Amino acid sequence: MGALDGRSDASSDGVDDYRRRARAWLTTNLPPLEGAAQRPTSEDLTPEVMAANRALQRKLFEAGYAGISWPKEYGGHGLSSAHEGAFLDEASAFAMPDFGALSATTFDICVPTMLTHGAPEFLRRFIPKVLSGDALVCQFFSEPSSGSDLAGARTRATRDGDQWILNGQKVWSTLAHLADWGLCLTRTDWDVPKHRGLTWFAVPCDAPGLTIRPIRQINETAEFCEDFFDDVVVPDTDRIGALNEGWAVTQTMLVLERGAGRRDAAIPPSGPGPMPEELVSLAQRAGRLADPLTRQRLARVHTTDFVGRVLTARIAEMGRLGELNPGLASYVKLFRGTYTPIRARLAVEIGGGPAMIWEGGDAKRAATSLAYLNGRSASIAGGTNEMQRNGIAERALGMPREPSFDAHRPFNEVVREAQNPKGTP
Amino acid sequence: MELTLTSDQELLRESTSRFIAGRCPLTTVRGLVDSHTGVPEGYLRAAADLGWFALMVPEEQGGGNVSGDGVRDAALIAEERGRALQPGPFVSMNVVAAALAASGPTEAQAALLAALCRGETVATWVPGDATADAGADGGITATPAGRDFELSGQADLVQDGTLADWLLVTAGSGDDLCQFLVRVVTPGLSVVPMSGHDITQRFAAVTFDRVRVPTGSVVGERGGCRRVVERQLQLACVLSTAETIGAMDVLFEMTRAYATERTAFGRAIGSFQAVKHQLADMSLSLEAGKAIAVAAVRAVQAEQHDAGEIVSMAKAWVGDTGIDIAQGCFQIFGGIGYTWEHDLHLFLRRITMNSLLFGQPDWHRERICRMHGL
């Protein structure tokens with residue numbers, strides 16, 4: 001057993017020490033967390049809240065607790081993911097910097113993508129800014145005419161000496177209006193098939209010619225933005241990955257986006273814990289705690305929550321044992337996309353009609369309705385359930401690829417034809 | 001379903017699967033559906049030689065296992081058994097053996113335990129009052145009668161009931177549970193072999209009509225039984241869930257392969273999104289089932305405080321999704337899956353029956369609510 005329980009392992013000894021030091025530092029330097037951590041929405045992220053969180057990030061950075069597992073040469077600390085896990089574990093009781101969805105796009109998606117594909121010169125210049133809280137990164141990814149078909153991006157980057165001129169429109173860019181930079185997918189060659197003419201750039205959100213507008217959503221927040229690029233100038237040194245090889249960068253990003261990059265993903269949960277408190281009190285308020293159907297619904301939600309967590313840990317472990325298979329990442333995403341709306345619906349059924357009305361601005365009472373609306377995004381955002389099913393079937397189960405009508409033809413020809421379909425009079 | 005096995009466990013898995021392939025492959029199982037026992041001659045003794053019934057028993061009581069993790073080893077074997085729909089008592093033998101070993105057996109019970117480990121005799125569990133409110137049993141009561149006890153009531157669904165020489169009976173006595181080890185040839189006790197949905201397993205209905213049993217047949221201390229019974233239920237659920245996972249895994253793989261081979265409209269049917277997406281959904285349910293089943297096995301092995309809850313989650317999840325997957329596989333095979341010669345119905349039968357044994361999904365969900373004081 002000695003070799004298996006890991007305690008005799010030298011690097012794990014290091015983790016225990018590290019954990020102790022981290023705990024001591026956290027206790028003296030960060031305020032304890034009051035109540036459960038709840039991801040702030042775009043409305044919560046006021047300029048004051050953003051500034052306070054940036055200050056917290058800077059504090060972590062200065063104390064050496066930012067970029068724990070990122071490479072040393074770019075300002076990280078080059079430690080193992082076990083060290084990072086230990087720190088996050090200890091930090092869960094404290095108020096950590098939280099930029100809402102931008103925390104994930106920056107630290108779990110965009111920067112890991114940059115670390116995989118970016119040039120050393122760029123990374124040396126850029127990563128320290130991220131670590132100190134001065135560069136929060138969003139994704140300029142989807143476009144009005146290409147959502148699921150990401151390789152069909154039409155935002156145009158045209159070379160002009162040492163720089164590029166960007167023109168086009170992006171959409172669904174989460175919290176772009178609060179970000180400092182965006183990672184932008186562009187088309188740099190129109191005469192080749194769609195996957196072969198793509199290139200990524202890092203673009204400052206305050207670049208002249210870039211207009212970012214929040215979009216009002218069904219839940220009345222504005223987390224998504226639409227972004228207009230009018231002759232935005234980007235130096236070639238801010239290119240991420242090789243020219244026209246942006247599809248490889250995209251693949252990395254998609255895998256990370258589906259949850260594979262989450263720093264706590266591989267830690268298996270110890271147990272299901274208490275039943276979801278908000279649902280139990282919903283049932284209580286409705287006088288339905290003794291109702292067999294309600295009890296079934298409560299247990300269903302509680303079971304599915306735990307199954308989702310053990311599945312996430314299992315998939316992360318499979319990734320750790322093998323390669324980061326994009327099909328694998330789709331399992332976690334499809335689980336979330338399938339069961340989030342079901343969970344929201346079960347909550348409504350537990351609470352019944354009265355749970356969907358409330359007095360004035362009672363946010364707590366409005367939570368069921370809000371969760372019900374929010375539940376719609378999980379099956380679309382970050383790749384629809386259908387795209388995940390294709391991913392699982394084709395990449396994990398070995399089913400033949402979808403026949404494609406555009407993948408082998410020059411992209412400009414495809415666009416021309418789409419605008420002038422054959423057979424149209 | 002485990003992602004990593006120790007070399008000992010890998011060896012156990014290989015020897016189990018080799019034994020099954022040699023002694024009782026699916027074609028043999030199929031050939032035995034009309035037989036009385038459903039088990040090939042000499043199968044139990046040979047399985048006992050591989051240690052199948054000794055896993056939950058400490059070495060000093062005549063048992064032993066490969067990895068020191070008896071529950072994980074048993075789950076590994078159960079999964080392999082599920083892959084080829086093995087007949088005969090496995091869950092029941094291990095549950096009874098675990099119960100006897102944990103209850104401080106009398107001398108006679110210890111001798112029986114050793115015989116169970118050697119596969120010389122067969123015992124099964126009559127959950128009786130442990131799952132009485134699941135509707136699987138009418139409930140059994142034990143009443144003191146002089147120095148003896150009298151058992152009355154009925155158990156409508158007893159797995160391996162027709163194969164057993166001995167029954168471990170969980171009965172209600174006042175507010176408490178108590179357990180008895182009873183020979184099937186006891187007066188007043190009737191074991192009626194039942195025809196059943198799962199033609200690769202054998203079930204019985206057992207009736208106790210004022211069955212008089214001596215004090216010596218009491219298993220464990222009176223009053224201290226509830227914890228042991230809970231453990232039996234956990235073990236039964238976790239092993240039957242592992243068996244279902246094995247069956248689901250093979251059934252899904254058969255279907256996945258068929259979708260790449262079968263062509264229609266000039267393409268493999270697996271290239272159509274309507275088929276592809278069904279496969280992806282099934283694969284997701286199966287992967288999630290493996291994840292929760294492994295969590296349950298580990299929780300039972302470690303005797304975690306919330307093991308009962310995790311087990312019920314696994315039993316409920318795999319019970320429901322197993323049937324969904326079997327239906328999805330039917331849909332992809334089309335008409336051929338509806339024929340007797342195709343193995344699909346054998347898997348459907350086993351998966352469905354396992355979902356109903358030891359508490360169906362609804363019952364486990366209700367149990368979860370109660371565990372949370374609701």
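What follows is a short conversation about the cores, domains and contacts of a predicted model.

Visitor: How should I read the names and values?
Guide: Residues are numbered from 1 along each chain as its sequence is written, while chains are lettered from A and ligands numbered from 1 in the order in which they are written. In this predicted model local features need pLDDT of at least 70, side-chain atom pairs count only at pLDDT 80 or more, and totals for chains, interfaces and linings use all residues.

Visitor: What makes B:Val238 a contact of B:Ala296?
Guide: Two residues are in contact if their C-beta atoms, placed from the backbone, lie within 7 Å. Leaving aside neighbours within four places in sequence, B:Ala296 has B:Val238 among its contacts, together with B:Thr241, B:Ile310, B:Val311 and B:Ala314.

Visitor: How do you know where the domains of chain A begin and end?
Guide: Domain bounds come from an automatic or database domain assignment. For chain A that assignment gives domain 1 (25-135), domain 2 (139-245) and domain 3 (265-396). The centres of domains 1 and 2 of chain A, taken over C-alpha atoms, are 24 Å apart. Their contact takes 20 residues from domain 1 of chain A and 16 residues from domain 2 of chain A.

Visitor: Which residues make up the side of chain A that touches chain B, by nonpolar, polar and charged?
Guide: In the contact, 32 residues of chain A meet 33 residues of chain B. The chain A side divides into 20 nonpolar, six polar and six charged, where Ala, Val, Leu, Ile, Met, Phe, Trp, Tyr, Cys and Pro count as nonpolar, Asp, Glu, Lys and Arg as charged, and the others, Gly among them, as polar.
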